[in-house]
Amino acid sequence: SYYGKIVSNWKADQGELTSYETVVPANTTATLYLPVSEQAVTEFTAVNGVHFIGMEEHNGKLAARFELQAG
């Protein structure tokens with residue numbers, strides 16, 4: 001991006017997302033849509049710089065929406 005390199009890595013097991021990692025450059029924010037069930041985010045523990053916004057349809061699939069701060 002204009003502000004630096006954006007990194008996005010994930011792992012899946014038999015088609016199920018098991019982990020996700022991202023790096024957002026300084027002086028910017030990002031919106032992350034993860035195609036997971038509502039149940040998958042019921043136990044979401046707040047992480048500094050990561051805010052769960054809610055569930056919504058994105059590209060025709062139900063997804064969890066997160067707002068990410070730089071870091």
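**Strand pairing and side-chain contacts in the predicted model**

In strand β5, the bridge partner of E56 is A63. That pairing is a convenient way into the structure, a predicted model, since E56 comes up again among the charged side chains discussed below.

The E56 pairing belongs to a longer run of contacts: β4 (residues 50–58) and β5 are antiparallel and are joined over 8 bridges. Another pair in this ladder is H58, whose bridge partner in β5 is K61. The hairpin of β4 and β5 has 2 residues between the strands, and here N59 takes a positive phi near 55°.

Strand β5 (residues 61–69) also pairs with strand β3 (residues 29–34), again in the antiparallel sense, through 6 bridges. Within this ladder A30 has L68 of β5 as its bridge partner. Taken together, the strands form an open sheet of 3 strands in the order β3-β5-β4, with antiparallel pairing. Because β3 and β4 each have a single partner strand, they stand at the edges, and one side of each is left without a neighbour in the sheet. From one strand to the next, the twist averages 25°.

A further antiparallel pair is made by strand β1 (residues 7–13) and strand β2 (residues 16–23), which are linked over 7 bridges. Here K11 finds its bridge partner in S19 of β2. The hairpin of β1 and β2 has 2 residues between the strands, and Q14 is the residue that takes a positive phi near 55° there.

V23 lies in strand β2. The residue counts as partly exposed because its relative accessibility is 34%, a value that falls between the 20% and 50% limits for that class. Leaving aside residues up to four places away in sequence, V23 touches K5, I6, V7 and G71. Looking along the chain instead, P35 is 12 residues away from V23, and the C-alpha atoms of the two are separated by 19 Å.

The charged side chains come next. Side chains of opposite charge can pair when their charged atoms come close. In this model the count comes to 2 salt bridges. One of them joins the side chains of E56 and R65, at 3.7 Å from N to O. E67 also forms a salt bridge with R65, and in that case the closest N and O atoms are 2.8 Å apart. Through shared partners, these salt bridges join E56, R65 and E67 into one network.

How do the members of this network stand with respect to the surface, buried or exposed? E56 counts as partly exposed, at 28% relative accessibility. R65 is likewise partly exposed, with a relative accessible area of 24%. E67, by contrast, counts as buried because its relative accessibility is 17%, and the cut-off for buried is under 20%.

Nonpolar side chains also appear at the surface. F44, V47 and F52 form a nonpolar patch there, with about 230 Å² of accessible area together. Of these residues, F52 lies in strand β4, which is one of the edge strands of the open sheet. F52 itself is partly exposed, with a relative accessible area of 32%. This value fits the patch, because its members need over 30% relative accessible area.

Definitions and conventions
Residues numbered from 1 in each chain as written. Predicted model: local features only at pLDDT ≥ 70, side-chain atom pairs only at ≥ 80, totals over all residues. Heavy atoms only, no water. Pairing = 2+ DSSP bridges. Helix = DSSP H or I, 4+ residues; strand = E, 2+ residues; numbered from the N terminus. Patch = residues over 30% accessible without salt bridge, like charges linked within 9 Å, V, L, I, M, F, W, Y side chains within 5 Å. Areas by Shrake-Rupley, 256 points an atom, 1.4 Å probe, with all protein chains shown as cover. Salt bridge = Lys/Arg side-chain N within 4 Å of Asp/Glu carboxyl O. Buried < 20%, exposed > 50% of the residue type's maximum accessible area, 1.4 Å probe, protein only. Contact = heavy atoms within 4.5 Å. Axes fitted to C-alpha atoms, helices over the stretch in contact; angles between N-to-C directions.
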